[in-house]
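Today I want to look up the aromatic rings in this one and see what sits around them. Here is what I have open on the screen.

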Amino acid sequence: MAIVTSKDGLILREKPQKSSQKLELIEFAQSVEIQPQKKPISETVDGISGEWLETHYSGSNGFIFSAYVRRFAEIAASVESLDEGRLYGVWQNQKFVDYTKKPVTQLNLKPNRQFQFTIFAGGDGGGFGTKSLEGTWRIENNQLILIESKTFQKIRYALFKQHLILAEEFPSAEHRIFLENFDAEYPGGLSR
């Protein structure tokens, strides 16, 4: 997993080259799943050296340029201090704004340490739906920990440039209930 650190977002391309077809714009602070690389494809794009990374995002496979993403460990020192008062309220992911004309993924953090997390849960065959999860939350080691009430599965977030981002480099099977959208979506960067 890596986080898009370009304020302008990052283009997912069909092939590992700047002139390749654009598949999608990945917004700032979104999480992307990096595939294992057999042989890195190095290049200099706009005067910046990097590699093309094979990536899975929003149900699509493509390539992104490494200079504009960072693994959580690389930005951990830049995360903002968490205090409860700043967390209360609804955080949204804009990922499906074009599909639904409104935000789909929403995390409602309540002052009573309860949360409701609504994620996209469908789309195959033209259908559309959401799935809601509920549970408790706490702050631990400057990270927001969500604990789902039925399975007690956990997921960690950190605050980075006013966005909640996944503090998970290699999400495990323990996180599937939060991370899966019928195995395609990751609720990445959330903002107000």
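I started with Trp137, which is buried at 2% relative accessibility. A quick reminder to myself: this is a predicted model.

Next I asked which ring pairs with Trp137. I found Tyr88, in an edge-to-face pair with 6.2 Å centre to centre and 65° between the planes. That angle counts as edge-to-face because it is over 60 degrees. Tyr88 itself is partly exposed, at 27% relative accessibility.

Where do the two partners sit along the chain? Tyr88 is in the loop between helix 2 (84–87) and strand 9 (89–92), while Trp137 belongs to strand 12 (residues 130–140). They are 49 residues apart, so I noted that this pair links distant parts of the chain.

I stayed with Trp137 a bit longer and checked for charges. Arg113 lies over its face, 5.0 Å from the ring centre. I found another charge over a ring at Lys7, whose charged end sits over Phe28 at 4.2 Å from the ring centre.

Then I counted pairs, and the structure holds four aromatic pairs. One of them is Phe65 with Tyr68, a tilted pair with 6.2 Å between centres and 45° between the planes.

Are Phe65 and Tyr68 buried or exposed? Phe65 is buried, with a relative accessible area of 3%, whereas Tyr68 is partly exposed, at 24%. I put Tyr68 in the partly exposed group because buried means under 20%.

Last entry: Phe65 and Tyr68 also join Trp52 in one aromatic cluster.

Key: Residues are numbered from 1 along each chain as its sequence is written. This is a predicted model: local features need pLDDT of at least 70, side-chain atom pairs count only at pLDDT 80 or more; totals for chains, interfaces and linings use all residues. Side-chain values use heavy atoms; hydrogens and water are left out. Rings of Phe, Tyr and Trp (its six-membered ring) pair if their centres lie within 6.5 Å; planes under 30 degrees apart count as stacked, over 60 as edge-to-face and the rest as tilted. Buried means under 20% relative accessible area, exposed over 50%, partly exposed in between (1.4 Å probe, protein chains only). Helices (H or I, at least four residues) and strands (E, at least two) are DSSP runs, numbered from the N terminus. A charge sits over a ring if NZ of Lys or CZ of Arg is within 6 Å of the ring centre and within 35 degrees of the ring normal.
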